[in-house]
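Welcome, and please open your viewer for a short guided tour. Each stop tells you what to select and what you will find there.

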Amino acid sequence: MQTTLIPADLLKKSDKVLFIAHLALGDFTYLQNFFKAFAEQNPQLKVHLWVDEVRRTDDAAQWPHLKKYSLYDWTAACPFFAKVYNQTYSPALYRESIEEARRENYPIVVSLATLRPHLYAGLARKISPDGLVIGMTRKVRFFEPHHLLAYHKLDAAMPPYRAAGPEHHISDVYAHWFRQLSGLEVDAQARFPFVDIPQQWRQYAEKRLAEWRFAPRPGKLVFINPYAKTKKRCWPLEHVAELIRAMQKRAGWQDACFIVNAVPQELANAHEVIGRYGLPRTELFSAEENFFQLPAILERCDLIVSVETAVMHLANAVHVPVVALMRQKNPEWVPIDRANSTVITAPHRRDWVKAVSVEHVLEAIR
């Protein structure tokens, strides 16, 4: 009989489980398949999720932005979560959330945190003093004895994932986690991203496209996302403008309309830079109100060009062809739908994404 980190008899008699994770949208795009499958595997369990905000700060000026993190919209809409802790962006709310979680008396707490796992081992045990606590560990260096003390708070540690070959994908890592936890198996097709877009946001997309005069339209609709969390993975706005100008001169794209995505804090600068080029049939977009604004717009497009971030993976979720611009590092994060994805990597391993030329992208589109 297969041995799992969560004993089968404990799973059967437990009424709830808490997962702790620090999540970006890209992480959740794949992890949600495993949370969903885990909930279906264990229908007697209520699955709760703690979304830890690694940018937690006592700077009150940052709280309105952190409070509106778009991942919260997505997790709140997921029917396989009975409860989501998303008030962890300030120290006071973090402490309140811990006390709220302690009152749940969780019989099982699993930390999926890979950054600073020793801190999350302590958090998991603080939330559940008497329950089964499982978490990640890292090799302890000689000057980190406090990490070892933290890991002693775990009842079980997640075995590290070891790639079976160069073609491994991030979803293979997540599959490994859940296989060790409960014997869960999620086949390759079931690992593809999905997003269930509420009808109100589909109506929003229709209205927005009509306001831009992009619906109806004679040509194709192209969505370009040059922004990622780090500058190393961003593509210059000047490249975006050059790409649009070049595509509008090419056969099959003369009538195309373009949407340039910008994160809210960069929207003003994007208006200034893109505006200098006077590009026809080009609009800027930012999902400032709700996460689902983004996939609702994406699914109406004919082509998505994106750097390595959530948009790149959401393209697979809405079944729109994507040209993905990536660094050579972290190849496990390539889009999973290879049939509908074209990956362009920067020429050299140390190169940033800005090293990807407009000509490379045009060649991929051709």
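How many helices and strands does the secondary structure of the protein chain come to? Colour the chain by secondary structure and you can count 14 helices and twelve strands. Please keep in mind throughout that this is a predicted model.

**Stop 1: the whole chain**

Start zoomed out, with the C-alpha trace on display. Along its principal axes, this trace spans about 65 × 40 × 40 Å. A compact globule of 366 residues would have a radius of gyration near 21 Å, and the protein chain, at 22 Å, agrees with that. Now switch on a surface. The chain exposes about 17,600 Å², and carbon and sulfur atoms supply 51% of that area. Buried residues, for their part, make up 54% of the 366 residues. Contacts are worth a thought here too: of those between residues at least 6 apart in sequence, 67% join residues at least 24 apart.

**Stop 2: helix α10**

Select residues 237-247, which form α10. Which residues of α10 are buried? Show side chains for L237, V240, A241, L243, I244, A246 and M247, and you have them. In an α-helix there are 3.6 residues a turn, so residues three or four places apart point the same way. Next, bring up the neighbours that the buried residues of α10 pack against. Three of them are strands β7 (221-225), β8 (257-261) and β9 (282-285). The others are strand β10 (303-307) together with the helices α11 and α14 (358-365).

**Stop 3: V260 in strand β8**

Stay in this region and select V260, which sits in strand β8. Is V260 buried or exposed? With a relative accessible area of 0%, it falls under the 20% limit, so V260 is buried. Leaving aside residues up to four places away in sequence, V260 touches I224, P226, V240, I244, T282, E283, L284 and F285. Two of these contacts, V240 and I244, also appear among the buried residues of α10. For a sense of scale, draw a distance from the C-alpha atom of V260 to that of T137: the two residues are 123 apart along the chain, and the atoms are separated by 40 Å.

**Stop 4: the second largest pocket**

Select Y227, C234, W235, P236 and L237. These lie nearest the centre of the second largest pocket, which is lined by 13 residues. Its volume is about 210 Å³. Which helices each supply at least two residues of the lining? They are α10, which you have already visited, and α11 (267-275). Sorted by class, the lining has eight nonpolar, one polar and four charged residues.

**Stop 5: the loop between α9 and β7**

Move to the loop that follows α9 (199-211) and leads to β7, where you can pick out K220. Two other residues to select in this loop are R213 and P216.

- R213 has a phi near 65 degrees, a positive value in a residue other than glycine. Its relative accessible area is 74%, so R213 is exposed.
- P216 is joined to A215 by a cis peptide bond, with omega near -5 degrees.
- K220 is partly exposed, with a relative accessible area of 39%. Beyond residues up to four places away in sequence, K220 touches G252, W253, A256, C257 and D302. K220 and P280 are 60 residues apart in sequence, and their C-alpha atoms are 14 Å apart in space.

**Stop 6: Q254, in the loop between α10 and β8**

Select Q254, placed in the loop between α10 and β8. At 38% relative accessibility, Q254 counts as partly exposed. Its contacts, not counting residues up to four places away in sequence, are M247, Q248 and R281. Add G219 to the view: Q254 and G219 are 35 residues apart in sequence, yet 7.5 Å apart in space, C-alpha to C-alpha.

**Stop 7: H319**

Finish in the loop between α13 (310-317) and β11 (322-326), where H319 has its place. What is special about the phi of H319? Near 60 degrees, it is a positive value in a residue other than glycine. H319 counts as exposed, at 61% relative accessibility.

Technical notes:
Residues numbered from 1 in each chain as written. Predicted model: local features only at pLDDT ≥ 70, side-chain atom pairs only at ≥ 80, totals over all residues. Heavy atoms only, no water. 1 Å grid on protein atoms, 1.4 Å probe; cavity = no way out; pocket = protein on both sides within 12 Å on 5 of 7 lines; lining within 4 Å. Points joined across faces, edges and corners; volume = space filled by probe spheres on them. Helix = DSSP H or I, 4+ residues; strand = E, 2+ residues; numbered from the N terminus. Nonpolar A, V, L, I, M, F, W, Y, C, P; charged D, E, K, R; others polar. Rg over C-alpha atoms; globule rule 2.2 N^0.38 Å. Buried < 20%, exposed > 50% of the residue type's maximum accessible area, 1.4 Å probe, protein only. Contact = heavy atoms within 4.5 Å. Areas by Shrake-Rupley, 256 points an atom, 1.4 Å probe, with all protein chains shown as cover.
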